[in-house]
Amino acid sequence: MSVIEKETRIHTDQDYILQANNIKKYFPIKGGILKHTIGHVKAVDDVSLSVLRGETLGIVGESGSGKSTLGRVLLRLMDPTAGQIVFEDQDITKMKYRKLRPIRRDMQIVFQDPFASLNPKMSVSELIEEPLIVQTSLTKAERKEKTVSLLEKVGLRSEDRFKYPHEFSGGQRQRISIARALTLNPKFVICDEPVSALDVSIQAQVLNLMADLQDEFNLTYLFIAHDLSVVKHISDRVAVMYLGRIAEIAPKKNLYDTPLHPYTQALLSAVPSTDILHKKEKIILKGDLPSPSDPPSGCAFRTRCPMVHDKCSEVRPELTEVGSGHLVACHLYTNK
Amino acid sequence: MSGMKLLEVSGLKTYFYLDNKAVAKAVDGVDFYIRPGETVALVGESGSGKSITSLSIMKLINKPGKIQDGQIYFGGKDLVELTDKQMTNVRGKDIGMIFQEPMTALNPVFTIGNQIIETLIRHKKMTKNEAKLRAIELLKVVGFPRAEETMKEYPHQLSGGMRQRAMIAIAISCDPKLLIADEPTTALDVTIQAQILDLMDEMKKKFNMAVLLITHDLGVVAEYADRIMVMYGGQIVEETTIEKLFLTPKHPYTIGLLESLPSLEKEVDRLGAIKGTVPPAHRFPVGCRFSDRCPKVMSKCRDANPSIIETDPEESHRVRCYLYE
Ligand SMILES: Nc1ncnc2c1ncn2[C@@H]1O[C@H](COP(=O)(O)OP(=O)(O)OP(=O)(O)O)[C@@H](O)[C@H]1O
Ligand SMILES: Nc1ncnc2c1ncn2[C@@H]1O[C@H](COP(=O)(O)OP(=O)(O)O)[C@@H](O)[C@H]1O
Ligand code: SF4
Ligand code: SF4
Ligand SMILES: [Mg+2]
Ligand SMILES: [Mg+2]
């Protein structure tokens, strides 16, 4: 039984907005004078997950673990090398642009660096109205009304619509990106490190705003970040990625209270804590993340794992359910 | 205040003269000291003046910036008075430095080995051979098991964490008494951050160095520093021990920062965000620089900027706020 089938079986009454089955995304590495393909970066390597309507699914993992690539593939901003993407019961994996276009309205993305993702030559009102012009038949007056109401929703003023991105601070620019992502009333929003570039006081403002908007508009979030505390705060369930694979996925409480995968355990122990009265023991991992173009055989984590044993280099551990909704890919739990 | 001081900064002001006649008061009256072997953290959000404070200590301020006023006593000398030539003997020798982005500090055209050897020959007057042996030893200390091979590698051949370790090897090569680390792990992932911070801590104990640790991460501070200074608007607004800062924070800005931080230990529904944004250094509000964001603001706060005063019988908790006068 595949992971997805298992998950479906457990939550038969659950309503999935998105399901991803065995997604792979390999980037060719070109070399030599003739620019032949000499290998592949396995940015995402057989990932299956499903997102429940209305939840926030957090994705954590170190730089290069494939989080952003996965997000882009799920929205079809990139085509997967293999696998299947089902959005609201429609297989969108190979869907042509014309058919995909109306579905695109329902799925949006907010990026880490709002400066790079907002066209500096466009005013705020142009930025927010652009999707309305392309995708709807609203009149000019209706578009203006919508823009003003969105700006107010994200905590900006209606006069701000005449300004340009460079006239705003980082936190304000992120509010503009959020307003822009919400113009078409999407159902599903992928947030790729939306607060990573912000100072903590501003990060808190934006996180609070995102939670309010989720309630108001019934949004489903896929929230990508490398900050485990931020992900804990905002998510209902959390997936931990390592080298293009999911190491562990579980409801937030299980993942943070009883992490099972040795990588999750190390990751959580390494987060510096402001709780000076309860110092925790750190698991210091040796070495760096291996290259995704040449991942270790068997378990991808075995080169740094404190619990590594013979089987780990031979057999790749499959993501297996070990508790209600708690799945882990490690031989320590799948041997039994 | 007890014990002797390794570094004492008083009344430091570093200003930038902008094209439009505006003056950015990046550092505007900063006083603090560091004792030998102590780790003191300087925290604050971006633009609060942390990096300019550390660059001022190293005298690496370039036009249109200028150390406007103040003294920086280190080893009995006022660094502000030293010539550029005299400063080159302090920098890299008595004071080592680690930056956020090691690529800007490592020279891309020289091997890691050459860069350490060069530093040792210049400051320690070693022969080439002595320097080479010492360089290999240092690379082993900072965790390169194949140090002989690492000597021959160029910075771009190393990962972010390895580069930062190479930077540490260079920074500690001349047994500095003070190590200034400006956001040494901000660009790194948590598991690598833990490796680097542990290494810095080990080096500090081994060589009895003092560390000025600049960061915006309060978790890092709580785990690695002895004392902490919170900076806002070019000034220190609170300075105390780690215990007092995290258990009994006093300045409204510090309290706001702590409340806005999501944590692994406690669950909150909403984060306590501070309204507004950090003001730019050429446009501080009149009066208390935090007054336009402060939840406790009073009318006198808008008239004059409070001075930093001692609020603790043990003389170890300075705060810049009218609530404590
Ligand atoms: N367009 C591309 N061409 C080739 N390789 C790519 C491309 N995009 C990503 N990669 C590689 O795929 C791997 C995963 O990258 P990805 O950006 O998804 O990681 P990430 O988890 O989002 O990291 P970060 O935390 O740094 O944002 C990396 O090794 C990256 O270098
Ligand atoms: N070269 C410069 N010219 C003008 N202003 C500068 C320059 N460098 C820094 N500043 C200003 O000085 C203030 C403090 O900067 P900095 O010390 O780099 O902050 P931090 O390290 O705390 O993020 C900021 O307002 C910044 O814009
Ligand atoms: S499978 Fe083996 S190497 Fe991988 S995480 Fe489990 S114990 Fe460690
Ligand atoms: S002096 Fe006034 S405005 Fe400034 S921090 Fe204290 S209470 Fe707030
Ligand atoms: Mg990314
Ligand atoms: Mg800085």
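Select B:Gly47 and ligand 2: a backbone N or O atom of this glycine lies 2.8 Å from an oxygen atom of the ligand. That is a polar contact (a pair of N or O atoms within 3.5 Å; within protein, one must be able to donate a hydrogen and the other to accept it, and residues adjacent in sequence count only if both atoms are side-chain atoms). The model is predicted: local features need pLDDT of at least 70, side-chain atom pairs count only at pLDDT 80 or more, and totals for chains, interfaces and linings use all residues. Residues are numbered from 1 along each chain as its sequence is written, chains are lettered from A and ligands numbered from 1 in the order in which they are written, and side-chain values use heavy atoms, with hydrogens and water left out.

Stay on ligand 2. Add B:Lys50, which places a backbone N or O atom 2.8 Å from a ligand oxygen. Then add B:Ser51, where a polar side-chain atom lies 2.8 Å from an oxygen of ligand 2. Other residues around this ligand include B:Phe16, B:Glu45 and B:Ala281; a residue is near if one of its heavy atoms lies within 4 Å.

Next, ligand 4. Its surroundings include B:His251, B:Cys288, B:Cys294, B:Cys301 and B:Cys321. The shell divides into nine nonpolar, two polar and one charged.

Move to ligand 3. 13 residues surround it, the closest being A:Cys299, A:Cys305, A:Cys312, A:Cys330 and A:His331.

Now show both chains. 40 residues of chain A are in contact with 42 of chain B, contact meaning heavy atoms within 4.5 Å. Across the interface there are four salt bridges (a side-chain nitrogen of Lys or Arg within 4 Å of a carboxyl oxygen of Asp or Glu). Select A:Lys252 and B:Glu267: their side chains meet in a salt bridge at 3.1 Å, N to O. The interface also holds 17 residue pairs in polar contact, both at pLDDT 80 or more.

How values were computed:
Ala, Val, Leu, Ile, Met, Phe, Trp, Tyr, Cys and Pro count as nonpolar, Asp, Glu, Lys and Arg as charged, and the others, Gly among them, as polar.
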